[in-house]
Amino acid sequence: MSNDLSHVVSADKAHVWHHLTQHKPYEVGEPRIIVEGQGIHVWDQHGTRFLDAVSGAVWTVNVGYGRTEIGDAIRDAVVKLNYFAGSAGTIPGALFAERLIEKMPGMSRVYYCNSGSEANEKAFKMVRQIAHKKYGGKKTKILYRDRDYHGGTMATMSAGGQDQRNEQYGPMAPDFIRVPHCMEYRAQWDLTGEAYGKRAAAAIEEVILREGPETVGALCLEPVTAGGGVITPPEGYWDAVQAICKKYDILLHIDEVVCGIGRTGEWFGYQHYGIKPDFVTMAKGLASGYAAIACCVTTEEVFEMFKDDPADILNHFRDISTFGGCTAGPAAALVNMDIIEREGLLENTTKMGARLIANLNALMEKHAVIGDVRGKGLFCGAELVSDRAAKTPVTEAQMGAVVAECAKQGVIIGASNRSVPGLNNVLCFAPALIITADQIDELTAAVDSALTRVFG
């Protein structure tokens with residue numbers, strides 16, 4: 001291939017509709033084209049090398065770029081059998097389901113699809129069907145949390161706690177009900193620590209009682225809120241949430257699309273907190289972006305509800321995901337999991353995550369603009385405020401300037417984007433799980449320099 005990529009750039013400008021992007025600036029400038037990736041670095045069309053601190057911009061490339069063994073596994077799988085609809089099985093599909101369930105005690109069934117949004121849709125459909133099968137059509141309401149995100153389809157936006165993402169796309173689907181967030185930094189109650197966690201859980205119970213427990217079928221939550229501000233749950237929160245679900249016969253759906261497959265230092269974020277979910281959904285890091293794959297995983301108890309009356313033609317889960325039948329996804333996911341185990345990446349995530357948090361806390365001592373640092377494993381955030389006492393968010397223009405200054409130093413970082421009105425002020429860090437101590441230091445040094453340049 002020629003080093004002259006001018007034709008590629010012009011083709012992109014003329015025909016590609018980029019995600020999350022205002023295209024007006026491209027009329028005079030040009031889009032960034034990512035040409036190559038290796039390890040934790042990517043190169044653009046100008047040959048500029050970047051340390052990618054957000055794993056493909058949206059927290060996906062968990063094992064890093066350039067893994068030839070994953071590419072080889074995909075090639076071997078698709079040449080033998082590229083596709084057969086999920087109404088039948090495939091060898092990679094069966095083997096990866098077995099391997100995945102080994103990492104998820106208490107779970108037992110894997111439903112394949114091709115995106116995190118779709119995986120969440122499957123869980124929502126299962127909840128609704130169970131409402132009709134078991135509860136006379138009454139337990140249809142699905143609770144979701146303020147600031148959480150579950151996808152970009154109409155149903156998942158209806159369960160979306162980031163209002164700015166939903167603006168101009170309404171009306172939303174009925175029977176999706178919001179509960180309060182659990183972030184102590186922007187406290188809704190004058191409490192701290194475990195008392196705050198229990199109070200945030202009690203707020204969920206208040207919504208259940210207001211709506212009527214007999215109408216509520218499921219509660220859908222991220223283990224760590226991702227794009228809504230990298231919100232780690234307070235002590236006491238998850239134990240209380242689990243007890244509330246049990247008390248009112250409400251199914252618990254944990255959305256692991258971001259946190260799953262090692263991002264937090266365990267295989268799944270919920271495993272830090274002793275949660276026993278009924279549904280777990282996942283995508284992103286499942287195959288580190290080498291192939292499109294997502295899963296909705298359930299308990300055997302949920303699965304049994306869809307086969308209890310074979311004489312009823314509506315009894316089974318009447319759903320299909322076309323590309324859930326691709327073999328590339330599970331073939332890639334198997335090798336992805338091999339790499340994480342062989343290279344000790346869960347342990348590295350815990351160790352490097354602690355270093356990242358320590359470095360960010362040191363920056364908070366130096367820069368008054370950092371109001372809070374939080375995270376779990378290699379998923380961390382720094383909330384920027386113009387006044388620490390008042391917790392006044394910096395502007396989105398200032399956030400953009402920090403991201404741009406980091407890019408000038410060859411480091412790509414993230415920032416909350418068009419999510420929570422007036423509160424898109426959290427820098428996001430989610431590097432590949434292979435990151436080294438030196439690379440953590442390089443990343444935070446770039447942030448240090450950027451904050452100095454933007455805020456003085």
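**Exercise 1.** In this predicted model, find how strand 1 and strand 2 (residues 41-44) pair, and over how many bridges.

*Solution.* Start with the direction: strand 1 and strand 2 are antiparallel. Next, count the bridges: there are four. Now pick one pair: Gly 37 has Val 42 in strand 2 as its bridge partner. Finish at the turn. The hairpin has two residues between the strands, and Gly 39 there takes a positive phi near 65°.

**Exercise 2.** Extend the sheet from strand 2 and work out the strand order.

*Solution.* Step one: strand 2 joins strand 3 through three bridges, again antiparallel. Trp 43 pairs with Arg 49 in strand 3. The hairpin here has four residues between the strands, and Gly 47 takes a positive phi near 85°. Step two: strand 3 (residues 49-52) runs parallel to strand 14, with two bridges. Asp 52 stands opposite Ile 412 in strand 14. Step three: put the strands in order. The result is an open sheet of four strands, 1-2-3-14, with mixed pairing. Strand 1 (34-38) and strand 14 (411-412) are the edges, since each pairs on one side only.

**Exercise 3.** Describe the second largest pocket: its space and its lining.

*Solution.* Begin with the space: about 800 Å³. Then take the lining, which has 30 residues. Closest to the centre are Gly 86, Val 110, Tyr 111, Tyr 112 and Phe 303. Sort the lining by class: 17 nonpolar, 11 polar and two charged residues. Last, trace the elements. Helix 4 (91-102), strand 4 (109-113), strand 10 (294-298) and helix 10 (300-304) each supply at least two residues. Strand 4 gives the largest share, four residues.

Terms used: Residues are numbered from 1 along each chain as its sequence is written. This is a predicted model: local features need pLDDT of at least 70, side-chain atom pairs count only at pLDDT 80 or more; totals for chains, interfaces and linings use all residues. Side-chain values use heavy atoms; hydrogens and water are left out. Two strands pair if DSSP finds at least two bridges between them. On a 1 Å grid over the protein atoms alone, a cavity is a set of points where a 1.4 Å probe fits but cannot get out, and a pocket is an open set with protein on both sides within 12 Å along at least five of seven lines; lining residues have an atom within 4 Å of a point. Grid points are joined across faces, edges and corners, and a volume is the space filled by probe spheres set on the points. Ala, Val, Leu, Ile, Met, Phe, Trp, Tyr, Cys and Pro count as nonpolar, Asp, Glu, Lys and Arg as charged, and the others, Gly among them, as polar.
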